[in-house]
Each structure stands twice: as C-alpha cells, then as structure tokens.
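Work through the exercises below with the model open beside you. Try each task before reading its solution.

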Amino acid sequence: MQNHNHSVAARTSLPARWLVATAAVVALLTVFFALPAAGKSATAAGPIISTASTSLGKIVVTSSGRTLYLFAKDTNGKSTCTGQCATFWPPLIASAKPRAGAGARASLLGTTRRADGRMQVTYNHHPLYTFAKDTKKGQTSGEGLSAFGAKWFAVSPAGAKIVAKSAPAPGGGYNGYSPW
C-alpha cells in the first residue's frame, strides 16, 4: 500500500513538474529568439551620412562631422584605393545599409564591395573615404591633394566633387602676368 500511495503522489506531481519544465523552456526560447532580434537592431544601423558647412561650402560628412572624399581614380563605383592608400584614406565601411542624415540625399547613397569583401559606402556612385590627417570635425585638409595616382575631393550634397577655389596669383593673372 505504501508503494501505491507513493505512485499516486508521483503521478499527481508529474503535471506540476511538466508545467514548470514547459514554462522554463518557453522562457528560454523567448530569450533566445529575442536576443538576436535586439542584437540585429543594434548592429543593423548603417552609417549616417549628412552635410555640414565648411570653408569649402556645404559638404558630405560622417555622423561625427568628418569630411568625406572621393578619389578621382575610382571608376564605375569601384574603389581603387587599397593597401597603403587605404591607410591614409580609410574607406567608409558599412555593415548595414547607409542612412541619410540632414542635407544628404538617400537616393544617392549606396554601397560597393571592396577587394577585401567589405562593403564601402558610396554617394552618387563615388566610394567614400575619410582622410587620416583630418582629425577634427570640419577639417578639409585632404581637399585637392594628389596622392596614390589621382586627386582627392570633398563631396557636395549633390554628389559632385568640390573643387576649392584657389587664390589668384599676385597681379591678378597667371604668375603675375595678365593675359589681357
């Protein structure tokens, strides 16, 4: 009889144990499926491209205000800046779709695959880069430089290169001589 009562007790506690185990599994599954979603939303945010006013006029910048440049040697939306070039002119890499901030046009944003497989942000089909010597917001010291086989230009909100106006030569002409 004692065994019989023990079996009855075990049978009556079985549904309670099953209920607790089921609740634990449901909780674990909820956490398991919720965490990747939260992780994806945190990492799924691509870089924000916006505009800023500088000595060159309005230009395209990163979310931290760093000037973005195009490389005249790049063609068909493909980057030709690798190795040592990419050390001085770091490409703007995206792990998710880039987003337009204030003044930037979402329709001009895109990406291109680099030789190393990473995705680089493009603006009007120009791969975008920062310049290692621009260490602060608003600096444009890479504008017009010739390096690694071509010139570098800041990018306008319309997606065109900005060509800095050079100061006129003394005397108002070329090397001090007026052509008029």
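The exercises that follow concern a predicted model.

**Exercise 1. The open sheet**

Task: Give the order of the three strands in the open sheet, and state which strands stand at the edges.

Solution:
- Step 1. Read off the order: β2-β1-β5, with mixed pairing.
- Step 2. Find the edges. β2 (57–61) and β5 (99–100) each have a single partner strand, so one side of each is left without a neighbour in the sheet.
- Step 3. Take the pairing of β1 with β2. Strand β1 covers residues 48–54, and five bridges join it to β2 in the antiparallel sense.
- Step 4. Pin down the register. Thr51 has Val60 of β2 as its bridge partner.

**Exercise 2. The disulfide**

Task: Locate the disulfide, give its handedness, and decide whether its cysteines are buried or exposed.

Solution:
- Step 1. Count: the structure has one disulfide.
- Step 2. Identify the partners. They are Cys81 and Cys85, with sulfur atoms 2.0 Å apart. That separation meets the 2.5 Å cut-off.
- Step 3. Check the torsion. The angle about the S-S bond is -110 degrees, and the link of Cys81 and Cys85 is left-handed.
- Step 4. Check the surroundings. Cys81 and Cys85 are both buried.

**Exercise 3. The salt bridge**

Task: Name the two residues of the salt bridge and classify the accessibility of each.

Solution:
- Step 1. There is one salt bridge to find.
- Step 2. Its partners are Arg118 and Asp116, at 2.9 Å from N to O. The cut-off is 4 Å, so the pair qualifies.
- Step 3. Arg118 has 39% relative accessibility, so Arg118 counts as partly exposed. Asp116 is partly exposed too, at 47%.

**Exercise 4. Aromatic contacts**

Task: Classify the ring geometry of Tyr69 with Trp89 and of Phe71 with Trp152. Then place each pair in the chain.

Solution:
- Step 1. Take the total: seven aromatic pairs.
- Step 2. Tyr69 and Trp89 have ring centres 5.3 Å apart and planes at 85 degrees, which is edge-to-face. Tyr69 lies in strand β3 (residues 69–71), and Trp89 in the loop between α2 (84–88) and β4 (93–94), 20 residues apart. Tyr69 and Trp89 are both buried.
- Step 3. Phe71 and Trp152 are stacked, at 4.0 Å centre to centre and 10 degrees between the planes. Phe71 is in β3 and Trp152 in β10 (residues 150–154), so this pair ties together parts 81 residues apart in sequence. Phe71 and Trp152 are buried.
- Step 4. Assemble the group. Tyr69, Phe71, Trp89, Tyr129, Phe131 and Trp152 make up one aromatic cluster.

**Exercise 5. Strand β10 and its partners**

Task: Describe how β10 pairs with β3 and with β9, and explain why β10 is called largely enclosed.

Solution:
- Step 1. β3 and β10 are antiparallel, paired over three bridges. Phe71 has Trp152 as its bridge partner, and these two residues also form the stacked ring pair.
- Step 2. Strand β9 (residues 146–147) is joined to β10 by two bridges, again antiparallel. Here Ala147 partners Ala150.
- Step 3. Look at the turn. The hairpin of β9 and β10 has two residues between the strands, and Phe148 takes a positive phi near 60 degrees.
- Step 4. Weigh the burial. Four of the five residues of β10 are buried, so the rest of the structure largely encloses this strand.
- Step 5. Add one ring contact. The charged end of Lys161 sits over the ring of Phe153, 4.7 Å from its centre.

Notes
Residues numbered from 1 in each chain as written. Predicted model: local features only at pLDDT ≥ 70, side-chain atom pairs only at ≥ 80, totals over all residues. Heavy atoms only, no water. Pairing = 2+ DSSP bridges. Salt bridge = Lys/Arg side-chain N within 4 Å of Asp/Glu carboxyl O. Buried < 20%, exposed > 50% of the residue type's maximum accessible area, 1.4 Å probe, protein only. Phe/Tyr/Trp six-rings, centres within 6.5 Å; stacked < 30°, edge-to-face > 60°. Lys NZ or Arg CZ within 6 Å of the ring centre and 35° of its normal.
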